[in-house]
Amino acid sequence: FRRVLFRSDMRVGTFSAALALPDGAGSVKMLRQLRGGLALPREVPVVTRRIVPGEVIDASDVRMVSVDSRHVPPNAVLDADQLVGLEPRWPIAPLVAVSRAQVKSALAVERGSGVRATFRRGGIELVTQLVAVDAGSIGQTITLRNPTSNKLVRGRVVDSGAVVLE
C-alpha cells in the first residue's frame, strides 16, 4: 500500500507532501513529492482610509477583515486595539495588513512645547508649566526644563501635554 507523508508550517504558510511506496525490505521508495503554499484566511485589522505621518490612527479608522494569509506580513499587527493610537512612519494604504515597522507611538509631547508637570509626594500635589527638551509618547520618560531657573528634570508622559515628575 502507498503512504502519504504530509507536513505543514502554518507560521509561514507552507506544506510538503510525499507519496511513498514501501518496498517490502523495510525501506520506502518516493514516488512523488509536492511542496507549496497554504492560502488560509486570516482576520487582521486594516485602516479604512489612507493614513499619513502626523495623523494618529483612531478606532473609527480601523476594521477587521479576512485576508489571504500570504498577504499578511510576519510582523503584522493582529489586534485592532494595538493599532489605535499609533502614528504611521510612512503612509498606510487602506485595506492592507499593517506591519509593526510601519507604525510608532504617537507623540503626546512635542519638543519645545509647554507641558503641564505634576509632582506628587506625601499627599501634596504641585502643578507647574515646564518646557519639553525631548519629544515623547505616553509612557516614555523625557527631559524637561524649568523656564525660570533653566534646571532640568525628568518626567513620564501620561497624556497629551502632561507629565508626572519623577
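Which strands close into a barrel, and in what order? In this predicted model, the barrel is made of 5 strands in the order S9-S10-S12-S13-S14, with mixed pairing. Below is a friendly tour, starting with that barrel and moving on to the salt bridges and an aromatic pair.

**The barrel and how its strands sit**

- Once you have found the 5 strands that close into the barrel, look at how they are angled: neighbouring strands of this sheet are turned by 50 degrees against each other on average, direction ignored.
- Strand S13 covers residues 152–159 and strand S14 covers residues 162–165; the two run antiparallel and are joined by 4 bridges.
- To see this pairing up close, find Arg 156, which stands opposite Val 164 in S14.

**Thr 118, a residue in strand S9**

- Strand S9 spans residues 114–121, and Thr 118 lies in it.
- Is Thr 118 buried or exposed? Its relative accessibility is 4%, and because buried means under 20%, Thr 118 counts as buried.
- Leaving aside residues up to four places away in sequence, Thr 118 touches Glu 125, Leu 126 and Val 127, along with Val 163, Val 164 and Leu 165.
- One of those contacts, Val 164, is also the residue that Arg 156 stands opposite.

**Val 131, a residue in strand S10**

- Val 131 belongs to strand S10, which runs over residues 124–132.
- Setting aside residues up to four places away in sequence, Val 131 touches Gly 112, Ser 113, Thr 143, Leu 144, Arg 145 and Pro 147.
- Val 131 and Arg 116 are 15 residues apart along the chain, and their C-alpha atoms are separated by 8.8 Å.

**Salt bridges**

- How many salt bridges does a search of the whole structure find? The search finds 4, and three residue pairs are described here, beginning with Glu 55 and Arg 49.
- The side chains of Glu 55 and Arg 49 meet at 2.9 Å, N to O.
- Glu 55 has a relative accessible area of 25%, so Glu 55 is partly exposed; Arg 49 is partly exposed too, at 33% relative accessibility.
- Arg 49 also forms a salt bridge with Asp 61, at 3.0 Å, N to O.
- Both Asp 61 and Arg 49 lie in the loop between strand S4 (41–47) and strand S5 (62–68), so this pair ties together parts that are 12 residues apart in sequence.
- Asp 61 is buried, with a relative accessible area of 7%.
- Arg 70 and Asp 68 form another salt bridge through their side chains, at 2.7 Å, N to O.
- In that pair, Arg 70 is exposed, with a relative accessible area of 56%, while Asp 68 is partly exposed at 22%.
- Which residues are joined into one network by salt bridges that share partners? They are Arg 49, Glu 55 and Asp 61.

**An aromatic pair**

- The structure holds 1 aromatic pair.
- Why is the pair of Phe 6 and Phe 15 called stacked? The ring planes are at 20 degrees, with the ring centres 5.9 Å apart, and planes under 30 degrees apart count as stacked.
- Phe 6 is exposed, with a relative accessible area of 52%, whereas Phe 15 is partly exposed, with a relative accessible area of 22%.

Terms used: Residues are numbered from 1 along each chain as its sequence is written. This is a predicted model: local features need pLDDT of at least 70, side-chain atom pairs count only at pLDDT 80 or more; totals for chains, interfaces and linings use all residues. Side-chain values use heavy atoms; hydrogens and water are left out. Buried means under 20% relative accessible area, exposed over 50%, partly exposed in between (1.4 Å probe, protein chains only). Contact means heavy atoms within 4.5 Å. Two strands pair if DSSP finds at least two bridges between them. Axes are lines fitted to C-alpha atoms, for helices over the stretch in contact, and angles run from 0 to 180 degrees between N-to-C directions. Rings of Phe, Tyr and Trp (its six-membered ring) pair if their centres lie within 6.5 Å; planes under 30 degrees apart count as stacked, over 60 as edge-to-face and the rest as tilted.
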